[in-house]
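The following exercises ask the reader to examine a protein model step by step. Please study the sequence and the structure before reading each solution.

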Amino acid sequence: MENEQQKADDKMWPPHVEFFFIDIMLEEQVKGNMENGVFKGPMWLAMTNDLNAQIGKNFLTKQVIQKHNRLWKKQRKLTQLLKHTGLGWDEIMQNVTCAEEVWAYVVAGAPKAANLRKNGCPNYDELKQLFAPSTATGALQISSNTPALDSDEERALEEEMAN
């Protein structure tokens, strides 16, 4: 069932259409039209009209909102997946990298993730920007592959925070 749904989505939203839609959302986000990470009602209509004008389709606002929600879920799923030890991200191919045994273990725990390694997520960087604007950056960020701080580094960080 999910595979059929994915095929229908791919047919209605081919890569170039998805790209235009993500680009429109990013533009609106930059303009400040995504309050607290959410687009409001009139913004959906404006983005739908803009998308339809750019690509010559007749999407309904409901379809555009549903696609937004599917993209959000995809970005969240991939971000969660990449937190597993042994998984990486190939920036060029835009897909998950890992050893076969690691992948088998991951898919055993999350069968719906299987298509992410094969199909990847061509717009992952843009989706991260769109859906994760509150991601920590700078001196206090800690990623899953950041080694633990030693006592000297910890003291330096505490001093930096104090200043």
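**Exercise 1: A glycine in a loop**

Gly 120 lies in the loop between α6 (114–119) and α7. The model is a predicted one. Task: determine whether Gly 120 is buried or exposed, and state which residues Gly 120 touches, not counting residues up to four places away in sequence.

Solution.
- Step 1. The relative accessible area of Gly 120 is 2%. Buried means under 20%, so Gly 120 is buried.
- Step 2. Apart from residues up to four places away in sequence, Gly 120 touches Lys 74, Gln 94, Asn 95 and Asn 115.
- Step 3. Val 96 is 24 residues from Gly 120 in sequence, and the C-alpha to C-alpha distance between the two is 6.5 Å.

**Exercise 2: The overall arrangement**

Task: state how many helices and strands the protein has, and give the order in which the elements run from the N terminus.

Solution.
- Step 1. The count gives 8 helices and 2 strands.
- Step 2. Read from the N terminus, the order is α-α-α-α-β-β-α-α-α-α.
- Step 3. Among contacts with a separation of 6 or more, 55% join residues 24 or more positions apart.
- Step 4. The protein has 163 residues, and 30% of these are buried.
- Step 5. Its accessible surface is about 11,000 Å², and carbon and sulfur atoms account for 54% of that surface.

**Exercise 3: The largest nonpolar core**

Task: identify which residues touch the most other members of the largest nonpolar core, and name the element that gives the most to this core.

Solution.
- Step 1. This core holds 33 residues, of which Leu 78 and Leu 81 touch the most other members.
- Step 2. Two or more residues come from each of α2 (15–30), α3 (41–55), α4 (61–81), α5 (100–109) and α7 (124–131).
- Step 3. With 6 residues, α2 gives the most.
- Step 4. Beyond its neighbours within four places in sequence, Leu 78 is in contact with Trp 89, Val 96, Leu 116, Cys 121 and Tyr 124.

**Exercise 4: Two cysteines**

Task: decide whether Cys 98 is buried or exposed, do likewise for Cys 121, and state how many disulfides are counted.

Solution.
- Step 1. Cys 98 has a relative accessible area of 16% and is therefore buried, the limit being under 20%.
- Step 2. Cys 121 has a relative accessibility of 1%, so Cys 121 is also buried.
- Step 3. A disulfide is a covalent bond between the sulfur atoms of two cysteines.
- Step 4. The count requires a pair of cysteine sulfur atoms within 2.5 Å, and the result is 0 disulfides.

Definitions and conventions:
Residues numbered from 1 in each chain as written. Predicted model: local features only at pLDDT ≥ 70, side-chain atom pairs only at ≥ 80, totals over all residues. Heavy atoms only, no water. Core = buried A, V, L, I, M, F, W, Y, C linked by side-chain atoms within 4.5 Å. Buried < 20%, exposed > 50% of the residue type's maximum accessible area, 1.4 Å probe, protein only. Helix = DSSP H or I, 4+ residues; strand = E, 2+ residues; numbered from the N terminus. Contact = heavy atoms within 4.5 Å. Areas by Shrake-Rupley, 256 points an atom, 1.4 Å probe, with all protein chains shown as cover.
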